[in-house]
Protein chains: 2
Amino acid sequence: MSSSEQPDYAYRLAQLRARFDDAAIDGLLVSSRENVRYLLGFAGSSGWILVTRQDSVLITDSRYIEHARATIPVGRVHLNADGLPDTAAKLIAECQCAACGFEADNLTHSLAGKLRDKLNALKAKSALWPTERIVDCLRMTKDAGELRSIQQAAKLADGALEHVRTVLRPGMKEVEAAWEVEKWLREHGSEPIPFDVIAASGPNSALPHSEAGSRQLREGDPIVFDLGARVGGYCSDLSRTLFLGEPDPAVRQIYDVVLTAQRAALHGVKSGMSAVVADGIARTIIVDEGYGEYFGHGLGHGVGLAIHEFPTVSPRSAETLEETMVFTIEPGIYVPGVGGVRIEDTVVLRDGSAIALTCTDKDNPIVTIP
Amino acid sequence: MSSSEQPDYAYRLAQLRARFDDAAIDGLLVSSRENVRYLLGFAGSSGWILVTRQDSVLITDSRYIEHARATIPVGRVHLNADGLPDTAAKLIAECQCAACGFEADNLTHSLAGKLRDKLNALKAKSALWPTERIVDCLRMTKDAGELRSIQQAAKLADGALEHVRTVLRPGMKEVEAAWEVEKWLREHGSEPIPFDVIAASGPNSALPHSEAGSRQLREGDPIVFDLGARVGGYCSDLSRTLFLGEPDPAVRQIYDVVLTAQRAALHGVKSGMSAVVADGIARTIIVDEGYGEYFGHGLGHGVGLAIHEFPTVSPRSAETLEETMVFTIEPGIYVPGVGGVRIEDTVVLRDGSAIALTCTDKDNPIVTIP
């Protein structure tokens, strides 16, 4: 965490246990790396947690065990000596859970099978139950410490975007512009960034997830930047589309439509609104302007320990948007052969409305060529 | 790839199909990101390939479809409009595979279940078969283009280590030293690096996978650096332990044991040797010197498109080491309260023996304090 106070891990575990009845389980084997970090603050590359009604056990290997024993705030730490499935099965058998859930949307088919085989070999009385999204759903709403970290990460993203505006020149390669962003982020306090910086220029701007490549920027280019910082493990996500000098009028028109749609969504999204309705605020504007077929992705996604998490904000979402949820609002229009524009902010729902955590300029996308 | 020639994707697909009979399948749904990249060069974050005896179909979404259609060298590209499991199930049903494999060590339990449910709903005649490691095993041996990329990545790792030697000072934080490494790598041609640089100093050196933290370097510290570069998607992996001035004699002794073990393994590993025997070359020396309990990990791991891939080189490996395989040789001794040392090179087996691709100095670990 970015602040000195520690997250309330005991509360998080209690919240998880409060979901056990609904899921018809009396234990959960947590394997998702972000979920493990959320529940106990353990950030190693190999660690599972068995949470039962009375206990929690972090299982990790010899590379991490000393550090884990010294730092884990709640529960026990157990050495994984025989592989995670074998060790976890033994612990599940010992704790005598009747129905132990596992994270079916995280654990591979092979590992789930090994866990089941091992439990059978131990003649354990515990049944294994596939579950989905239990801890992920707890992670959707953020506490004060999480919000402080995301806010810091958002400020860093703003700063990096403002920096890169000052160094763009015709002839610069996309990868050079992307590196300017990353270097600024890291030298101003970001941990390793959550995803490779996108810098998609000219025709590449019409490819929503183009990697930064060796194309050189040209006068008049649109350049879609998509970037994020990480503070205390928590991410931010920001996109801006800049123009290197005066853009083609067709692309400028696209920019204005995307900005109108983005602002409408920012102002229109309310706590208690279904994510489908939120998506529709921006989508309706884009469809009405005749660009509906060129907005091929959802309006946004949750942001937290993972750069993409729940809630999803799309025409197919199941979630309702609630107070303290953090997510992106990022409409885009990508017309092959013409160009693409995406404008994205990370927002939090507070006092009923969306507050943008990223807030660097979007009214003046034109970068003057010196 | 680093060279201008393209990998022989048709050959790779043919090699995969040649494994179908042994696996009792007539199609394979490839979901692992590295395997997808290996087979078709597609590096997007969302893409599966259905490979049948006659055909290959890359399934990806609207974010990547234009780029994929323009660049995929073999087979068809299909838009994922309804989610990957639904789209894949339809294609499996259409191609009338009798037994379609899926990557059970990659696909989650949930996605495998959705795939199966959808195939049942379509009343498809295809049965789904869990498979493991089929493409991963093809990736173990490297072709000339892959070796060139790894060699370039190895040279970058050497350069970064040599750079950081020149900037270490008492008072510098671990994270600052780690950033010096990363910045050098990126500014000298590395793509985004495959894992966060480890810079573990003083007591942290005894934690094999300590993150770089805010600890400040002190005179006499051992500092374990573990770092890798990436070129054309391919990784390198290098560890060196440096001393900031004269080390504690106990740690210097550990250094000498690790170096002896590492050199013995480098010289002793031969093509055709089992990975267990290779691990034993270094382990025997460390055990004989009385440090066996402090060498808690395997001797090494394969390196390629993934930073950890097959072969594994450990007391529990199943693999035989063969010509053109690339892997690490990285013994380590970590004594809590005293300190830790790891020395690691990335090697390739050529003409029967291991050739170190990383080769920066290990005879002079002491960095003189200016």
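Which residue takes a positive phi in the hairpin of β17(B) and β18(B)? Keep that question in mind while moving through this predicted model, since the tour starts in chain A and returns to the hairpin at the end.

**Stop 1: the two domains of chain A**

Select residues 9-138 of chain A and colour them as domain 1, then give residues 144-367 another colour as domain 2, following the domain assignment. The centres of these two domains of chain A, taken over C-alpha atoms, are separated by 35 Å. Where they meet, seven residues of domain 1 of chain A are in contact with five residues of domain 2 of chain A. On the domain 1 side of this meeting, α3 (33-40) and α7 (134-138) of chain A each supply at least two residues, and α3(A) gives the most, with three residues. By character, the residues on that side of domain 1 of chain A divide into three nonpolar, no polar and four charged.

**Stop 2: a sheet in chain A**

Next, select β7, β8, β11 and β19 of chain A, which form an open sheet of four strands in the order β7-β8-β11-β19, with mixed pairing. Because β7 (198-201) and β19 (366-367) of chain A stand at the edges with a single partner strand each, one side of each is left without a neighbour in the sheet. Moving inward, β8 (residues 222-227) and β11 (residues 238-244) of chain A run antiparallel and are joined by six bridges; to find the register, label A:Val224, whose bridge partner in β11(A) is A:Thr241. Now add helix α9 (residues 174-187) of chain A, which lies across β7 and β8 of chain A and runs at about 145 degrees to β7(A).

**Stop 3: a helix pair in chain B**

Switch to chain B and show α1 (residues 9-17) and α3 (residues 33-40), whose axes come within 7 Å and cross at roughly 120 degrees; the two helices, α1(B) and α3(B), are therefore oblique to each other. Displaying side chains here, one finds B:Tyr9, B:Arg12, B:Leu13 and B:Leu16 of α1(B) meeting B:Tyr38, B:Leu39 and B:Leu40 of α3(B). The residues of this contact divide into six nonpolar, no polar and one charged.

**Stop 4: the hairpin in chain B**

Finally, select β17 (residues 345-350) and β18 (residues 353-356) of chain B, two strands that run antiparallel and are joined by four bridges. Within this pairing, B:Leu349 stands opposite B:Ala354 in β18(B). The hairpin of β17(B) and β18(B) has two residues between the strands, and the residue asked about at the outset is B:Asp351, which takes a positive phi near 50 degrees.

Note on methods. Residues numbered from 1 in each chain as written. Chains lettered and ligands numbered in written order. Predicted model: local features only at pLDDT ≥ 70, side-chain atom pairs only at ≥ 80, totals over all residues. Domains from an automatic or database assignment. Contact = placed C-beta atoms within 7 Å. Nonpolar A, V, L, I, M, F, W, Y, C, P; charged D, E, K, R; others polar. Pairing = 2+ DSSP bridges. Axes fitted to C-alpha atoms, helices over the stretch in contact; angles between N-to-C directions. Parallel < 35°, antiparallel > 145°, perpendicular 65-115°, else oblique.
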